[in-house]
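Reader: I should be grateful for a close look at one part of this protein, namely the aromatic cluster and the helices around it. Please set it in the context of the whole chain as well.

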Amino acid sequence: MSSLVAGSNLYEHIKHMLYTAIPSSIVAIIVFTIVGLGIETYSTQLANIQEMISGLDQLFNLNALLLIPAIVVIAGSLMKKPPLIVLFTSAITALILASITQDASISNQFTSAVSGFNVDILGGDAYVISEDMQSLLNRGGLYSMYNATFFVFVAFFFASALEVSQALSIILEGIIKHLKTIGSTTFSALVTGFAVINCTSNALVSFFLIQDIYGKVYKEKKLHPVNLSRNMEDSITITEVLMPWTVSGVFMATTLGVTNFEFLPWAIFNLGGFIFSALYGLLAPYTAGFGTRKIGDDDHLDQTNLTNSKNLQQ
């Protein structure tokens, strides 16, 4: 959605994201390695882990074939196939594997897709795993999307009010006039993206608002749309999970059992994306554009995506 709204090609967008994703990952790996080596591991913790692994082995027929759905997604991405077709193919592959390796009936599979997976559908072996593991596995399905879907609708109503009243545009109009450099434009877009996601609580809504505000500014600076789509990812998508009042934040806190502000300092990758995006923009005049792509004479912008973006916004 980020690439579509910005008018950039999806796979060019993914490639451009590597400029911030790779260094952020490296920093996160270093930090967690250093911290992890200093953590004392107790025998009871190891026993609990072994018990969980043993229970999963008894409950599921785990084997290398189960990697096929993931391989389908990776191969489809590398071959630049349409994302929806790739995801649908992966899902169908998973259904077939569930029938073959797990002996799951078609009716149970569709029940899981609608109301969520439950270990009871696998028969009498559910007792081999603890209640904690069951609470982790017994989830999913379309019904589980109810709260998130409601959040999205509420966020869209709020965003519509912001757009129609032009409150956000009026506030930022004075700031945009002073954006003379690539660095100031990038940093301003990042800060605005972070502020908007905190106001709307939904990334999809925030994408459209940022495109409305900064789309023309990036074009005037001759910045390729992949810069805007990446900046939206680094300031909206990966920071959304850090706030407890956002859709992703609610999901993360509920799944992990840890409040958002407790894991915020450890979200090294999420915070790194924002920082590295800002650095690329600020250092663009001195790095020959490394990490910041400008529109070249041989660039042919994806007009289909630009048209789709306008249609979606309408």
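Author: The account below begins with the whole chain, turns to the aromatic cluster, and then treats the helix contacts and two loop residues.

The structure is a predicted model, in which local features need pLDDT of at least 70 and side-chain atom pairs count only at pLDDT 80 or more, while totals for chains, interfaces and linings use all residues. Residues are numbered from 1 along each chain as its sequence is written, and side-chain values use heavy atoms, with hydrogens and water left out.

The protein has 16 helices and 0 strands; helices (H or I, at least four residues) and strands (E, at least two) are DSSP runs, numbered from the N terminus. Along the principal axes, the C-alpha atoms fill a box of roughly 65 × 45 × 40 Å. Of the 314 residues, 35% count as buried. Here buried means under 20% relative accessible area, exposed means over 50%, and partly exposed lies in between (1.4 Å probe, protein chains only). Contact means heavy atoms within 4.5 Å. Among contacts between residues at least 6 apart in sequence, 73% join residues at least 24 apart.

The aromatic cluster consists of Tyr19, Tyr280 and Phe290. Rings of Phe, Tyr and Trp (its six-membered ring) pair if their centres lie within 6.5 Å; planes under 30 degrees apart count as stacked, over 60 as edge-to-face and the rest as tilted. By this rule the protein has 6 aromatic pairs. One of them joins Tyr19 and Tyr280, edge-to-face, with 6.1 Å centre to centre and 80 degrees between the planes. This pair links distant parts of the chain, since Tyr19 is in helix H2 (residues 10-37) and Tyr280 is in helix H15 (residues 268-283), 261 residues apart. Tyr19 is partly exposed, at a relative accessible area of 30%, whereas Tyr280 counts as buried, at 13%. Tyr280 also pairs with Phe290: the ring centres are 5.9 Å apart and the planes stand at 70 degrees, so this pair too is edge-to-face. Because Tyr280 lies in helix H15 and Phe290 in the loop between H15 and helix H16 (303-313), the pair ties together parts that are 10 residues apart in sequence. Phe290 counts as partly exposed, with a relative accessibility of 49%.

A further point relates H2 to H15. Leu18 lies in helix H2 and is partly exposed, with a relative accessible area of 43%. The C-alpha atoms of Leu18 and Gly273 are separated by 10.0 Å, although the two residues are 255 apart along the chain.

Tyr280 and Gly273 also take part in the contact of H15 with H12. The axes of helix H12 (residues 225-237) and H15 come within 8 Å and cross at roughly 145 degrees. Axes are lines fitted to C-alpha atoms, for helices over the stretch in contact, and angles run from 0 to 180 degrees between N-to-C directions. The crossing of H12 and H15 is left-handed, a term used if the near helix is turned anticlockwise from the far one by less than a right angle, with right-handed used if clockwise. From H12, Arg230, Asn231, Asp234 and Ser235 meet Gly273, Phe274, Ser277 and Tyr280 of H15. By class, this contact has 2 nonpolar, 4 polar and 2 charged residues. In this scheme Ala, Val, Leu, Ile, Met, Phe, Trp, Tyr, Cys and Pro count as nonpolar, Asp, Glu, Lys and Arg as charged, and the others, Gly among them, as polar.

Another helix pair may be set beside this one. Helix H4 (residues 68-78) and helix H5 (residues 83-101) pack at an angle of about 165 degrees, with their axes 8 Å apart. H4 passes H5 in a right-handed crossing. The contact involves Ile68, Pro69, Val72, Val73 and Gly76 of H4, together with residues of H5 including Val86, Leu87, Thr93 and Leu97. The residues of this contact divide into 8 nonpolar, 4 polar and no charged.

Two loop residues complete the account. Asp103, in the loop between H5 and helix H6 (106-115), has a positive phi of about 55 degrees although it is not a glycine. Asp103 is exposed, with a relative accessible area of 70%. Lys222 lies in the loop between helix H11 (203-220) and H12; its phi is near 60 degrees, a positive value in a residue other than glycine. Lys222 is exposed, with a relative accessible area of 53%.
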